[in-house]
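User: I'm new to looking at protein structures, and I'd like a close look at one sheet and what it connects to. Could you walk me through it slowly and explain the terms as you go?

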Amino acid sequence: QVQLVESGGGLVQAGGSLRLSCAASGRTDSIYGTGWFRQAPGKEREFVAAIVWTWSLGSIYYADSVKGRFTISRENAKNTVYLQMNSLKSEDTAVYYCAANSVRWSDLRKPSSYYYWGQGTQVTVSS
């Protein structure tokens, strides 16, 4: 079992920044990759960014809508993954979820690839 706890959400003006954190506990040695997803009211959950943990590959993936603005990173010693969000836009408003996957070589851009999910943290960008 892996437990995930997100933090760092809040209210920010357009153009501002926020950093989300996802702290993993439990069987963290089983994690292959961690992803961030978001869901706005009335919309489907969508991929934001993901990073591979195992084999020190550190492969990183981003949705086109956040490339150049968001940065995903991991701090192994703390079993924590971060999402630095800069140049925020009103369309970035959503509940952001952290997810963990234990299956190697799976497509980390798909929600269906993940078994473990955090509770979500609200990000609101005012225009």
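Analyst: Let's start with an open sheet of four strands, which run in the order E1-E3-E8-E7 with antiparallel pairing. A strand here is a DSSP run of type E with at least two residues, numbered from the N terminus, and two strands pair if DSSP finds at least two bridges between them. This is a predicted model, so local features need pLDDT of at least 70 and side-chain atom pairs count only at pLDDT 80 or more, while totals for chains, interfaces and linings use all residues. Residues are numbered from 1 along each chain as its sequence is written, and side-chain values use heavy atoms, leaving out hydrogens and water.

The edges of the sheet are strand E1 (2-7) and strand E7 (70-75), each pairing on one side only. E7 meets strand E8 (residues 80-85) through six antiparallel bridges; in one of them, phenylalanine 70 has methionine 85 of E8 as its partner.

Now hop over to E3. Cysteine 22 sits in strand E3 (residues 18-26), and its disulfide partner, cysteine 98, is in strand E9 (residues 94-101), 76 residues away. A disulfide is a covalent bond between the sulfur atoms of two cysteines; the cut-off used is sulfur atoms within 2.5 Å, and these two are 1.9 Å apart. A search of the whole structure finds one such link. The torsion about its S-S bond is about -70°, so it's left-handed.

Both ends are tucked away: cysteine 22 is buried at 1% relative accessible area, and cysteine 98 is buried at 0%. Buried means under 20%, exposed over 50%, and partly exposed in between (1.4 Å probe, protein chains only).

Cysteine 98 also leads us to threonine 34, which touches it along with others, including Trp53 and Tyr114 (contact means heavy atoms within 4.5 Å). Threonine 34 lies in strand E4 (residues 33-39) and is buried at 1%.

Back to the E7 side for some charges. Arginine 69, in the loop between strand E6 (60-62) and E7, links to aspartate 92 in the loop between E8 and E9. Their side chains form a salt bridge at 2.7 Å, N to O, where the rule is a side-chain nitrogen of Lys or Arg within 4 Å of a carboxyl oxygen of Asp or Glu. Aspartate 92 is buried at 0%, and arginine 69 is buried too, at 11%.

Key. Lists of a residue's contacts leave out its neighbours within four places in sequence.
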